[in-house]
Amino acid sequence: MSVLTTQSWSWIWPSVGATPIHQGLDSEMFDRTDYPYSETFVREAIQNSLDARLDLEKPVYVNFTFHSEGIGPRRAYLEQIMAHRTKAGLEIPQEWTNGNVRWLLVEDFNSKGLGGSLTSRTSDFWNYWLNFGLSNKDGSGRGGRGIGRVTFLIASRLQSVIGYTRRASDGSSAICGMAVLRALEDGDDLKSTHAYLADDENGNIYHLHNSPEFHSRTRSAFAFTGYDGEHASGLGLAILYPHAELNAGGILAAAIENFAPAIMNGSLVLNVDGRRLDASTIDETAVAVSENLNDEAIRADVTRYLELVRLAQSDAAGQKITLPNALKGDLEPLRKSDAIKGLQKQLADGQDLVLDVAFPLVRNGVSHQVSMRAVIGSAESARPVDRLFREGMSLPDVRAKSPGELDLAMLVEDRTLATYLNFCEGKAHLDLLESKEVDQKLEQHGFDGRRVKRLIKNLPAELRLMLTPDVTAPDAHVFDSYFSKPSDAPGKKKTPNKPDDPPEPPPPPKPTVFRVETLEDGLRIKANPDFTDWPVNVTIGLAYADGTRRPSWSPYDFKLEDLDIDHSDCDLTTEKNKVKALNCGADTDIRITGFDSNRELDTSIRPWKNA
């Protein structure tokens, strides 16, 4: 095919006239210190693809592919953008000056594509390109705010994307592009902040470039070549000059952290620069990219995180917990029940628990019994896992302020409950909010208020509290002999004939279970002879100190199988940097040597008791 060298495909900057303009992308909403935009970009891309899934019997496929080529046929698409940026004083990537174009191609397959009328301003198609904050979604999916797609623009150093869609509804194709630049006076006109890859204006929308030649050249120039074979529909986006922070390892890690249930149940398959991520490869991939994970608890032990999600999705019978009023107060009476006390003993014995929590949710005056599943167990790392997933997507800010020492993963798959929660979510789908806007959405869609939202928000803390055994209650009269108590009786108070009896001395502190001895290249852990309540179990976490309170471990630091480990009077197993000793007795002696004597060893020792 010959390459045109003189023709440029036009971009339209509509004249604004006296209409006020809005400059910028509100990127602070999607680019936070705790959730960088690279993670939000992956969340939004996968969320949109899952919502557009075509055949529910098959997974939706999402490809992330990095490209770097000479300018060549891409000049016709980008030279107007570069000219405008130069005139407006905006950055021009050095790669362009050096004759190179970089782009990240995001494509989904087994999806509906970008449907809707090409002649209606409020159709799905033009909502996507023109109407930020306006969405046609009914709340049954994972989004609906109509603003998440700005993350694709934020991911581009040019704040520019080009999109190609093959539509399942009619089999047709359409190409459009958007660039966010800077408002600029051009003679008597003020050019808008947004430009569109289109042939001409058409009232409040655009005539798209629609010639076979344009479609062929665009697909070839940006590698939109995946829709001719098995997958006949979907949406592809070319993110022009992506930020350096976007890389294959980070994309894989963000997908695992935020969509692990969808990957595990087979509804989502990713291909990231030639590396496949699906239910069969997620464990291996998660370990390989663990350093890119954003959540500290998941990064510390990603295997444990996947174990919790897998158990929540399994057919394991769960303990049914019914909350008749959908209030956290419904949990308090259950704490004293024999069933919950039995679960507390199982937790103390190191077992993971599966709970099916059911409660009423009123919609259109009808009470529906909805449910969600939770898996809870003793945490093996210093920071417990705490995660809520709605239809396979994480809401990472729904968590307990003080998770204690219990891991928790909660899954919402009930469609009615998932739709309700979608209306309660913030714009970046990280948390559940309370506002007048949320109240209006719930009311418009027939839901009865905030009660269930507050319950879900409190469950990470309340489930842990319910399953934590009661501690000894403090004596309310312990200071009575030290402070005078006021009296309502008139007159002078008589001096007591004899002083009050002194308070009983507090009980002696419990002896530690083990004693630790530092060796030149390791440590020795011995049973404390003052401790008598045997047997017990102990989990030992090992890592080289790095100046933080919870140092991380890497297999490049050491591998336990390469060290010398001697033990007696216990059953010992190892995994990664954890040593677990079960049925420890009064003669327990564990010696671990072979560490680098030039580095300081950080050790966490957590004894735990069989029920």
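**View 1. Arg390 faces Met393 where strand 17 meets strand 18.** In this predicted model, arginine 390 sits opposite methionine 393 of strand 18. The two strands, 17 and 18 (residues 393–394), pair antiparallel over 2 bridges. Their hairpin leaves 2 residues between the strands, and glutamate 391 there takes a positive phi near 50°.

**View 2. Strand 17, residues 386–390, seen by itself.** How many of the 5 residues of strand 17 are buried? The count is 5 of the 5, so the strand is largely enclosed by the rest of the structure. Asp386, Leu388 and Arg390 point one way, while Arg387 and Phe389 point the other way. In general, side chains of a regular strand alternate between the two faces of the sheet. Here the residues pointing either way are all buried, charged ones included by name: Asp386, Arg387 and Arg390.

**View 3. Strand 19 with a partner on each side.** Strand 19 covers residues 406–412 and runs parallel to strand 17, with 5 bridges joining the pair. Look for phenylalanine 389, whose bridge partner in strand 19 is leucine 411. Strand 16 (residues 366–378) also joins strand 19, this time antiparallel and through 6 bridges. On that side, glycine 377 has aspartate 407 as its bridge partner. As a reminder, strands of a sheet pair through backbone hydrogen bonds, in either the parallel or the antiparallel sense.

**View 4. The whole sheet around these strands.** Zoom out a bit and you get an open sheet of 6 strands, ordered 14-15-16-19-17-18, with mixed pairing. Which strands sit at the edges? They are strand 14 (319–322) and strand 18, each of which pairs on one side only. Helix 11 (residues 338–348) lies across strands 14, 15, 16 and 19. Its direction makes an angle of about 135° with strand 15 (353–363).

**View 5. Helix 10 and what covers it.** Helix 10 runs over residues 302–313, and its 12 residues should span 16 Å at 1.5 Å a residue. The end C-alpha atoms are 17 Å apart, which agrees. Its buried residues are Val302, Arg304, Tyr305, Leu306, Leu308, Val309 and Ala312. The cover over them includes helix 7 (248–264), helix 8 (282–288) and helix 9 (296–300), plus strands 16, 17 and 19.

**View 6. Glutamate 257, a buried acid in helix 7.** Glutamate 257 belongs to helix 7. Is this residue buried or exposed? With 1% relative accessibility, glutamate 257 counts as buried, since the cut-off for that is under 20%. Leaving out neighbours within four places in sequence, glutamate 257 is in contact with Glu39, Leu293, Asn294, Asp295, Ile298, Tyr305, Arg387, Phe389 and Ser394. Some of those have turned up already: Tyr305 is one of the buried residues of helix 10, and Arg387 and Phe389 point one way from strand 17.

**View 7. Trp129 and the largest nonpolar core.** Nonpolar side chains tend to be buried together in soluble globular proteins. The largest nonpolar core here has 68 residues, and those touching the most other members are Phe41, Phe64, Trp129, Leu268 and Tyr305. Helix 7 gives this core its largest share, 11 residues. Apart from it lies another core, of 40 residues, with Met410, Val412, Ala418 and Leu432 among them. Back at tryptophan 129, the residues touched include Leu114, Arg149, Val161, Gly163, Cys176, Gly177, Met178, Tyr196 and Leu237, setting aside those up to four places away in sequence.

**View 8. Leu197 in strand 8.** Leucine 197 is found in strand 8 (residues 194–197) and is buried, with a relative accessible area of 0%. Beyond residues up to four places away in sequence, leucine 197 touches Trp9, Ser10, Trp11, Tyr77, Ile162, Ile175, Cys176, Gly177, Leu208, His209 and Phe214. Glycine 163 is 34 residues from leucine 197 in sequence, with a C-alpha to C-alpha distance of 9.5 Å.

**View 9. Helix 2 and the glycine after it.** Tyr77, touched by leucine 197 in the previous view, is one of the buried residues of helix 2. The others are Ala76, Leu78, Ile81, Met82, His84, Arg85 and Ala88. The helix has 14 residues (75–88), which should span 20 Å at 1.5 Å a residue; the end C-alpha atoms are 19 Å apart, which agrees. Glycine 89 follows helix 2 and has a positive phi, near 75°.

Methods. Residues are numbered from 1 along each chain as its sequence is written. This is a predicted model: local features need pLDDT of at least 70, side-chain atom pairs count only at pLDDT 80 or more; totals for chains, interfaces and linings use all residues. Side-chain values use heavy atoms; hydrogens and water are left out. Buried means under 20% relative accessible area, exposed over 50%, partly exposed in between (1.4 Å probe, protein chains only). Helices (H or I, at least four residues) and strands (E, at least two) are DSSP runs, numbered from the N terminus. Two strands pair if DSSP finds at least two bridges between them. Contact means heavy atoms within 4.5 Å. Axes are lines fitted to C-alpha atoms, for helices over the stretch in contact, and angles run from 0 to 180 degrees between N-to-C directions. The expected span of a helix is 1.5 Å times one less than its number of residues. A nonpolar core is a set of buried Ala, Val, Leu, Ile, Met, Phe, Trp, Tyr and Cys residues joined through side-chain atoms within 4.5 Å.
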